[in-house]
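Dear colleague,

Please find below the structure that I am handing over to you, with its sequence. My findings follow it, arranged by region so that you may read them beside the model.

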Amino acid sequence: MNEKQKKKISKFLSLVLRHKPEEIGIELDDQGWVSVSELLDGLNRNKMNITIEMLQEVVVSNDKQRFVFSDDESQIRANQGHSVSVELGYEEAIPPQILRHGTPEKFVSSIMADGLLKMQRHHVHLHVDIETSIAVGARRGKPVLLEIRSEEMHRDGFRFYVTPNNVWLTDHVPAKYIQIAKDQ
Ligand code: HQG
């Protein structure tokens, strides 16, 4: 498979494993899992023609490790980013001193007034590293890097969760913990 084919499959997997499983007639369980055979059947009913080997390649090579197989490889789910109701069961964790969030310039004034809101997702998504955060912001315009005083938030009682692919999740970041990164 070339990169274009893998990206196309990854995008479609994001759609059905996070947002619209009904699109291919599959059901996710409460933790977001679906059996691999049910997923492949659903994909192939919709003329996607994906083999187990192709699915494995997409999961393993995915730039952001968006998907994961269960330990026995019989099930698959998205690591985060759902809009359907799922309980991912991530452990609460103590965040580093600073976490980052990249956003397009046009949202900054609203964020500095209302804080970071989860919008359509279940959580606000934060990252440790600068490059990833800037890339996230650049999806929708000129990116601005925001720094979140996450350790202080945690001390103040806010809960944080971390996914296996190192995305930090929280419910809301009030504006007082956010600053625009210098030197950008
Ligand atoms: C913004 C992708 C105005 C927020 C990415 C963001 C990430 C506000 C947008 C992951 C706001 C929501 C998550 C406020 C937040 N006023 N705008 N008060 N509060 N926003 O896509 O963080 O490819 O739901 O800054 O790479 O951009 O899906 O969140 O711009 O890791 O795996 O509202 O999604 O990963 O957008 O992206 P999103 P996000 P995947």
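**Findings: the strands around Val34**

Val34 has Ile76 as its bridge partner in S3. I begin with this pair, but please keep in mind throughout that the model is a predicted one. The strands S1 and S3 run antiparallel and are joined by 2 bridges. S3 also has antiparallel bridges to S2, and there are 3 of them. Within that pairing, Val68 stands opposite Arg77 in S3. S2 and S3 form a hairpin with 5 residues between the strands, where Glu73 takes a positive phi near 65°.

**Helix H2 and its surroundings**

Next comes helix H2, which covers residues 36–45 and whose buried residues are Val36, Leu39, Leu40, Gly42 and Leu43. Viewed down the axis of H2, these buried residues fall within an arc of 160°, so they line one face of the helix. What do the buried residues of H2 pack against? They pack against helix H1 (3–19), strand S1 (34–35), helix H3 (52–61), strand S2 (67–69) and strand S3 (75–78). Just after H2, Lys47 takes a positive phi of about 60°.

**The nonpolar cores**

A general tendency is useful here: in soluble globular proteins, nonpolar side chains tend to be buried together. In this model the largest nonpolar core has 21 residues, and those with the most contacts inside it are Leu13, Leu17, Leu39, Leu55 and Ile76. H1, H2, H3, S2 and S3 each supply at least two residues of this core. The largest share, 5 residues, comes from H1.

Leu17 is worth selecting in your viewer. Leaving aside residues up to four places away in sequence, Leu17 touches Leu28, Val34, Leu39, Phe67, Ile76, Arg77, Ala78 and His82. Both Val34 and Ile76, the bridge partners with which I began, are among these contacts.

There is also a second, separate core, which has 16 residues and includes Leu99, Leu116, Ile148 and Val173.

**The sheet of S4, S6 and S9**

Further along the chain, 3 strands form an open sheet in the order S4-S6-S9, with antiparallel pairing. Which strands are at the edges? They are S4 and strand S9 (178–180), each of which pairs on one side only. Neighbouring strands of this sheet are turned by 30° against each other on average, with direction ignored.

The two pairings may be taken in turn. S4 and S6 run antiparallel and are joined by 7 bridges; for Ile98, the bridge partner in S6 is Arg149. S6 and S9 also pair in the antiparallel sense, over 3 bridges, and Leu146 has Ile180 as its bridge partner in S9. S6 itself is mostly covered, with 5 of its 7 residues buried.

When you examine the side chains here, it may help to recall that in a regular strand the side chains alternate between the two faces of the sheet.

**Helix H5 on the sheet**

Helix H5 (residues 130–137) lies across S4 and S6 and runs at about 25° to S4. In H5, Ser133, Val136 and Gly137 are buried. Seen down the axis of H5, its buried residues fall within an arc of 100°, so they line one face of the helix. Their cover includes strand S4 (98–104) and strand S6 (143–149).

Is Ser133 buried or exposed? With a relative accessible area of 0%, Ser133 is under the 20% limit and therefore counts as buried. Not counting residues up to four places away in sequence, Ser133 touches Arg100, His101, Gly102, His127 and Leu145.

**The chain as a whole**

Finally, some values for the entire chain. It has 6 helices and 9 strands. Its radius of gyration is 18 Å, close to the 16 Å that the globule rule gives for 184 residues, so the chain is as compact as a globular protein of that length. Along its principal axes, the C-alpha trace spans about 50 × 30 × 25 Å. Of the 184 residues, 43% count as buried. Among contacts between residues at least 6 apart in sequence, 69% join residues at least 24 apart.

With kind regards

Notes. Residues numbered from 1 in each chain as written. Predicted model: local features only at pLDDT ≥ 70, side-chain atom pairs only at ≥ 80, totals over all residues. Heavy atoms only, no water. Buried < 20%, exposed > 50% of the residue type's maximum accessible area, 1.4 Å probe, protein only. Helix = DSSP H or I, 4+ residues; strand = E, 2+ residues; numbered from the N terminus. Arc of directions from axis to C-beta. Contact = heavy atoms within 4.5 Å. Pairing = 2+ DSSP bridges. Axes fitted to C-alpha atoms, helices over the stretch in contact; angles between N-to-C directions. Core = buried A, V, L, I, M, F, W, Y, C linked by side-chain atoms within 4.5 Å. Rg over C-alpha atoms; globule rule 2.2 N^0.38 Å.
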